[in-house]
Amino acid sequence: MMTRFSFRSRLLMAGIAITTLLGGCAQQPISLDQASSIQNRLNPAWQAHEEAVRQVADWQCIGRIAIRTENQGGTVNLNWQQAGETAKIVLNAPLNQGTVELVGRPDMMLITDSAGHRRLTSNPEASIEQLTGWKIPITALPDWIRGLPHDKNAMIQLNEIGRLRTLSDDGWLIDYESYMPVPGLDLDMPRKISVSRNDIRLRLIVESWQMNTHGTLEPPR
């Protein structure tokens, strides 16, 4: 036997449902920083720039990284070559202090240390920390170096021309101090970047960018 509800009962039930729904939404309020980040992601200049950069799958970045922690610091030369999902990253310490080379994808890399020893790792960040004592966010760096957020929930702030000014991504704070033009392309890419979390600070100065839209860069070997 079907039970009939009066109009008043149905109205009361609907009110309870709406109140419950609104109450659930109220448990996760959006902060001013999050609201600003969402608005920045809708900026047409930023959207066009992000799409243009992500479309270039083959690129090379050459520069220097200064690394500082609470107890130590140092500088390494960086040569990062990316072909699709495959990267070849060479970290070369000055004055013949040693070279570390990584080849592969973030989920599986072959690491060669300064003594020529090789290891295959599914956690390159942990392996780099074991070799050098430095915690370098290798997985996210390909995006950060190019001036892009890595995590979809990262909070972004833009400069006056719609490029990243600051980025809060997975507990790291990335500050973009300046950009530089890429020869042959209508793109400007990061030149000076600071990356920090807790007592770790990385400062990258880029000397040159090479970005190829036709996929003619040699694959990393």
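## Where β1 meets β11

Let's start with one pair of residues: Ala66 has Arg203 as its bridge partner in β11. The structure you are looking at is a predicted model. Strand β1, residues 58–68, and β11 run antiparallel to each other, with 11 bridges along their pairing.

## The β10–β11 hairpin

On to another partner of β11. Strand β10 covers residues 188–197 and β11 covers residues 200–212; six bridges hold this antiparallel pair together. Two of the contacts are easy to find in your viewer: Ile193 is bridged to Leu204 of β11, and Ser196 is bridged to Arg201 of β11.

β10 and β11 make a hairpin, with two residues between the strands. In that turn, look for Asn198, whose phi is positive at about 55 degrees.

## The whole sheet

Now zoom out. The strands belong to an open sheet of 11 strands, paired antiparallel, and the order across the sheet is β6-β5-β4-β3-β2-β1-β11-β10-β9-β8-β7. At the edges sit β6 (118–121) and β7 (155–158), each of which pairs on one side only. On average, neighbouring strands in this sheet are turned by 20 degrees against each other, if direction is ignored.

As a general reminder, the strands of a sheet pair through backbone hydrogen bonds, in either a parallel or an antiparallel way.

## The largest pocket

Next, the open spaces. The largest pocket holds about 300 Å³ of space. Its lining is made of 18 residues, and those nearest the centre are Val76, Ala93, Gly98, Thr132 and Trp134. Two or more lining residues come from each of β2 (73–83), β3 (86–93), β4 (98–105) and α4 (124–132). β2 gives the largest share, with four residues.

What is the chemical make-up of the lining of the largest pocket? Eight of its residues are nonpolar, nine are polar and one is charged.

## The second largest pocket

The second largest pocket has about 260 Å³ of space. Here 17 residues form the lining, with Gln82, Gly84, Glu85, Pro106 and Pro142 nearest the centre. β2, β3 and α5 (141–145) each contribute at least two lining residues.

Sorted by class, the lining of the second largest pocket has nine nonpolar residues, four polar ones and four charged ones. If you want to see both pockets from a shared starting point, try β2, which lines the largest pocket and also the second largest.

How values were computed
Residues numbered from 1 in each chain as written. Predicted model: local features only at pLDDT ≥ 70, side-chain atom pairs only at ≥ 80, totals over all residues. Heavy atoms only, no water. 1 Å grid on protein atoms, 1.4 Å probe; cavity = no way out; pocket = protein on both sides within 12 Å on 5 of 7 lines; lining within 4 Å. Points joined across faces, edges and corners; volume = space filled by probe spheres on them. Nonpolar A, V, L, I, M, F, W, Y, C, P; charged D, E, K, R; others polar. Pairing = 2+ DSSP bridges. Axes fitted to C-alpha atoms, helices over the stretch in contact; angles between N-to-C directions.
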